[in-house]
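Okay, thanks for coming, everyone. I'll put the structure up and then walk you through a few spots in it.

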Amino acid sequence: MIQVAINGYGTIGKRVADAVREQPDMEVVGVAKTRPNFEAETALEKGFSLYAAIEERADQFAEAGLEIAGPVEDLVDEADVVVDATPSGIGAENKAMYEEYDTPALYQGGEDADLVDVSFNARSNFEDAVDADHVRVVSCNTTGLSRVLAPLREAYGVEKVRATLVRRGGDPGQTSRGPINDILPNPVTIPSHHGPDVETIFDDLDIDTLGMKVPATLMHMHSLNVTLSEEVDASEVRDLFADESRLFLIPERMDIDGSGKLKEYAMDAGRPRGDIWENCIWEESISTVGTDLYLFQGIHQESDVVPENVDAIRAVLGAADAEESIATTDETMGIGL
Ligand SMILES: NC(=O)C1=CN([C@@H]2O[C@H](COP(=O)(O)OP(=O)(O)OC[C@H]3O[C@@H](n4cnc5c(N)ncnc54)[C@H](O)[C@@H]3O)[C@@H](O)[C@H]2O)C=CC1
Ligand SMILES: O=C(OP(=O)(O)O)[C@H](O)COP(=O)(O)O
């Protein structure tokens, strides 16, 4: 069994911990937190061992009546692999600790690409991460773009990508984020950081991205234009996407007109936390004009990277190939709406 440590138990970390626990070949050694709060309490209630991420604050857990298994160093030492899901920039600070204990590490999209050996998306470049020591699971937006572009590149070739990313201001629990009554070009400079980030997955891709932020918490929305290398009928693209387990084609009959109903559907379908691990592509939006393909997709920022982290664990340890890992992750998590 692969022994997995989770350092940083917030939005991403707690979801990765639950997904890892579902895997037949993995066990969660424990999760590390900086301070006691509701997430620390639920981690213990779920049976995860809790480790103190910051030594000087370890006493706070005892004061809150929460049992600590030890310092984060013990957790990292015991594990075969650590998933770092700390806020942007903290992963870089933790790298020396992972190296000291010779534990391969996965980082999240908030870290710089040059921190790691490989930036990772399971569908696009699983093999590049095999046996790597430091791997970055790319951000929710880059994951969403890569999942669509990988099959298009393989089937038709891609000449140029233009994407506008309308991003949620913050996650539902992020009370300090905004905007609350505005629409921001963000970043105002073009291209946004997303295009170069997708190029860490496909180094020969021609992509321009524009970013915005809006007063919403539920999901991001991408407006995508891909110039293909050949003329393709929209129905062929729909068939191509229908074969991809992590692309959900929203059928017209479902009458889902936006992120609100998508999240409602996920909750009705019994998804944990209302998570949507798949890209949500409006089937009616898939259109072609000559070699240009257009579509809209919703991306659930809190959860689409979770199966990617599970696959990255197998990749760095050489525990499975891409097809086998993706199939196991999809089956255990229930991916495929
Ligand atoms: N929330 C999102 O929409 C997405 C976030 N990401 C990336 O995932 C990473 C984590 O983001 P979130 O989970 O959203 O952040 P978060 O703030 O929800 O969770 C981070 C957790 O790490 C803890 N932490 C802070 N310093 C720590 C330290 N030194 N050691 C251990 N734990 C520490 C925080 O207390 C918190 O519990 C970032 O790189 C972010 O860019 C990637 C995709 C989507
Ligand atoms: O939306 C995201 O990336 P982005 O803001 O770079 O597009 C990530 O999911 C996390 O970003 P955050 O740092 O705004 O939570």
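Let's start with Asp255, which at 56% relative accessibility counts as exposed. You'll find Asp255 in the loop between strand 13 (247–250) and helix 10 (259–268). Before I go on, please keep in mind that this is a predicted model. Now look at the backbone there: the phi of Asp255 is near 55°, so a positive value in a residue other than glycine. Why point that out? Because most residues other than glycine have a negative phi.

Asp255 has company. Arg273 isn't a glycine either, and its phi is positive as well, at about 60°. Arg273 sits in the loop between helix 10 and strand 14 (279–282). Buried or exposed, then? Neither, really: with 34% relative accessibility, Arg273 counts as partly exposed. And there's Asp102, which follows helix 5 and has a positive phi near 55°.

While we're on the backbone, let's do the prolines. Most peptide bonds are trans. Where are the cis ones I want to show you? One runs from Gly178 to Pro179, with omega near 5°. Pro179 is in the loop between strand 9 (158–168) and strand 10 (184–185). Another cis bond joins Asn186 and Pro187, and here omega is about -5°. Pro187 belongs to the loop between strand 10 and helix 8 (194–199).

Back to Arg273, which also turns up in the lining of the second largest pocket. That pocket has about 200 Å³ of space. Which helix gives the most to its lining? That's helix 1, with 5 residues. Helix 1 covers 11–22, and together with helix 12 (322–333) it's on the list of helices that each supply at least two lining residues. Among the lining residues are Arg15, Asp18 and Glu22, then Asp275 and Trp277, and also Thr332 and Met333. If you think in terms of chemistry, the lining has 6 charged, 5 nonpolar and 1 polar residue. Both domains take part: domain 1 (2–138 + 305–333) and domain 2 (140–299) each contribute at least three residues to this lining.

Helix 12 has another residue I'd like you to see, Ser325. Ser325 is buried, with a relative accessible area of 0%. What does Ser325 touch, apart from its neighbours within four places in sequence? Its contacts are Phe126, Asp311, Arg314 and Ala320.

Next up, helix 5, residues 90–100. Its buried residues are Gly91, Asn94, Lys95, Met97 and Tyr98, so yes, there's a lysine on that list. Remember that an α-helix has 3.6 residues a turn, so residues three or four places apart point the same way. What do the buried residues of helix 5 pack against? Quite a list: strand 1 (2–7), helix 4 (72–78), strand 5 (81–84), strand 6 (105–107) and strand 8 (134–137).

Last stop, the cysteines. How many disulfides does the structure hold? It holds 0. Take Cys280: its closest cysteine sulfur is in Cys140, 13 Å away, and that's too far for a bond, because a disulfide needs the two sulfurs within 2.5 Å. Cys280 is buried at 0% relative accessible area, and Cys140 counts as buried too, at 14% relative accessibility.

That's my tour, so over to you for questions.

Notes
Residues are numbered from 1 along each chain as its sequence is written. Chains are lettered from A and ligands numbered from 1 in the order in which they are written. This is a predicted model: local features need pLDDT of at least 70, side-chain atom pairs count only at pLDDT 80 or more; totals for chains, interfaces and linings use all residues. Side-chain values use heavy atoms; hydrogens and water are left out. On a 1 Å grid over the protein atoms alone, a cavity is a set of points where a 1.4 Å probe fits but cannot get out, and a pocket is an open set with protein on both sides within 12 Å along at least five of seven lines; lining residues have an atom within 4 Å of a point. Grid points are joined across faces, edges and corners, and a volume is the space filled by probe spheres set on the points. Helices (H or I, at least four residues) and strands (E, at least two) are DSSP runs, numbered from the N terminus. Ala, Val, Leu, Ile, Met, Phe, Trp, Tyr, Cys and Pro count as nonpolar, Asp, Glu, Lys and Arg as charged, and the others, Gly among them, as polar. Domain bounds come from an automatic or database domain assignment. Buried means under 20% relative accessible area, exposed over 50%, partly exposed in between (1.4 Å probe, protein chains only). Contact means heavy atoms within 4.5 Å.
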